[in-house]
Amino acid sequence: MIEFTHRVWTVVVTILVIATTIFAWRRYRWPNKVTAFSTLTFVLLLCQVILGMVTVDTRTLPIAVTSHLAVATLVFASALTTAIVAIGSRGIRNT
Ligand code: HEM
């Protein structure tokens, strides 16, 4: 049940991160802080998924589990920063 919930949330988070990144590139373009942080979140999410697979393949080897949790924290921090920067630059483009 926990594994299933984790899988469902993984899909939901991935869809939301991809949607945010596409939106940021269309709305704010480059160079822009919102685009930079949303793209960083997307790249970190890819690392997170790979680490999730490593966690399963190594049968929850401590270093893999710890790395997976550490990157999850970075994904959260990066997504939060994207939101803060987006709220801070509402109505302003290409800054
Ligand atoms: C953005 C957040 C996260 C993503 C995208 C993600 C993604 C994944 C993926 C793709 C897998 C391998 C496939 C699977 O069995 O479901 C996995 C496995 C795992 N993840 Fe995550 N994960 C995230 C956050 C977390 C967090 C916060 C924790 C712990 C507090 C965690 C703990 C685990 C564990 C223990 C496994 C191994 C499951 C098993 O042995 O079946 N994950 N994760």
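A residue counts as buried here if 20 or more other C-beta atoms lie within 10 Å of its own. Keep that cut-off in mind for the tour. The model is predicted.

**Stop one: the core of H2.** Select helix H2, residues 33–57. Its buried residues are Val34, Thr35, Phe37, Ser38, Thr41, Phe42, Leu44, Leu45 and Gln48. Now show the neighbours: H1 and H3 are among the elements that cover these buried positions.

Check the length of H2 next. Its end C-alpha atoms are 36 Å apart, which agrees with the 36 Å that 25 residues should span at 1.5 Å a residue. Step past the helix to Arg59, which has a positive phi, near 55°.

**Stop two: H1.** Select residues 2–27. This helix has 26 residues and reaches 37 Å from first C-alpha to last, close to the expected 38 Å. Colour Val17, Thr20, Thr21 and Ala24, the buried residues of H1. Their cover includes helix H2 and helix H3, the latter at 62–88. After H1 comes Arg29, again with a positive phi, here near 60°.

**Stop three: the ligand.** Select the ligand and display its shell of 18 residues. Which residues are closest? They are Thr10, Gln48, Gly52, Thr55 and Ala72. H1, H2 and H3 are the elements that each give two or more residues to this shell. H2 gives the most, with seven. Colour the shell by class: nine residues are nonpolar, seven polar and two charged.

**Last look: Gln48.** Centre on this residue of H2. Gln48 is on the list of buried H2 residues, and it is also one of the closest to the ligand.

Conventions:
Residues numbered from 1 in each chain as written. Predicted model: local features only at pLDDT ≥ 70, side-chain atom pairs only at ≥ 80, totals over all residues. Helix = DSSP H or I, 4+ residues; strand = E, 2+ residues; numbered from the N terminus. Expected span 1.5 Å × (residues − 1). Buried ≥ 20, exposed ≤ 12 C-beta atoms within 10 Å, placed from the backbone. Contact = placed C-beta atoms within 7 Å. Near = placed C-beta within 6 Å. Nonpolar A, V, L, I, M, F, W, Y, C, P; charged D, E, K, R; others polar.
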